[in-house]
Amino acid sequence: MRTDTLIVGGGLCGLALADALEAKGQDYLLVEARSRFGGRILSEYHKGAGFDLGPAWFWPGQPLMANLVQRLGLKQFDQYADGILSFEDERGQVQRGRGFSSMQGSWRVQGGLGTLSDGLARHLPSGRTRLNTAVEGLRQIPHGVSVRLSSGDTVQANQVVLALPPRISAGIEFDPPLPPGALAALHAVPTWMAGQAKAVAVYSTAFWREEGLSGDAMSRFGPMVEIHDASPSTDGLFALFGFIGVLPQARRDEQVLRQQVLAQLVRLFGAQAAEPEALFIKDWACDPFTAVMADQAPVMAHPQYGMPRGLENLWDGRVILAGTEVATEFGGYLEGALEAAELALGKLSE
């Protein structure tokens, strides 16, 4: 099989790039190792409502996201932030009214961000996409790249876009091998969100709001270190979500972790928190299509992302890195994934 452009990775960046090539009437193939599109965007559903287990927000000043939400006919709404905040100290003692709502002013998407990736995927013809298809190897050939797929098929492409975290790209076999400096540069880029785990508890009532609480909480006791209201914009269901701060090695027993999460929600918000209608947990550090072993080390601050030196012109421009980690302005954000797609599109046009 031949194609002009092979896009590896069906997250937001890969989907946006495929959408742009489709609009231009250009030849491409998008392959995704997972059984679904979206990458680190993951919405779980309960009674028709979507709850985000990956990224949940975008912000004013991020025009690519705002334009895409509008173009797909989706609706954005403000993160709920009214009410008193809670704080849990090192002994698990709860205090009220300490701090401020850190996510006030953030925007969410009605139905969950999965509606964003699903909307883009629906615009792509089925013959242009493949799920459950990982790339195992890239071989440089005259005037292009030969790509070995996990299905056993081989695709010849003029150019290949790796819309993946750089550390995941480093796991692909390159023939000839990448220079040691380039391979080291791929390994050195922290994968945004890869070491995180997230829990979402879904309820039929917003009992915390009835008590004058915003749903925001910070904790030094855990297992969640930061909690917010994750309720849908429509009536009927409500939710709390938290970022789990326990190191990946200490959260491998999901049953124990679920018990700890519920116990913490009870401490912070009362006995009604003990029995959610649904409790979703996603540990990204255990996701082989997102994280490698190096990602289990905690990232203490937002990394300085952008295209690493030595990776700008791989195989004379036949291999192009994309994904939010190489975005120059909004690396690590959804906006960065769209920014990286635009940068890759420009390089394909050169």
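How many disulfides does the structure hold? It holds zero disulfides, a disulfide being a pair of cysteine sulfur atoms within 2.5 Å.

Keep in mind that this is a predicted model, where local features need pLDDT of at least 70, side-chain atom pairs count only at pLDDT 80 or more, and totals for chains, interfaces and linings use all residues. Residues are numbered from 1 along each chain as its sequence is written, and side-chain values use heavy atoms, with hydrogens and water left out.

Here are two cysteines; buried means under 20% relative accessible area and exposed over 50%, with partly exposed in between (1.4 Å probe, protein chains only).

| Residue | Relative accessible area | Status |
|---|---|---|
| Cys-13 | 4% | buried |
| Cys-286 | 52% | exposed |

Now for helix 2 (63-71); helices are DSSP runs of H or I with at least four residues, strands are E runs of at least two, and both are numbered from the N terminus. Its buried residues are Met-65, Leu-68 and Val-69. They sit on the same side of helix 2 because they cover an arc of only 100° around the axis, going by the directions from the helix axis to the C-beta atoms. These buried residues pack against helix 1, strand 5 (76-78), strand 8 (107-109), helix 3 (114-122) and helix 8, where contact means heavy atoms within 4.5 Å. Just after helix 2 comes Gly-73, with a positive phi of about 75°.

Helix 2 also helps line the second largest pocket: helix 1 (12-23), helix 2 and helix 8 (334-348) each give at least two lining residues.
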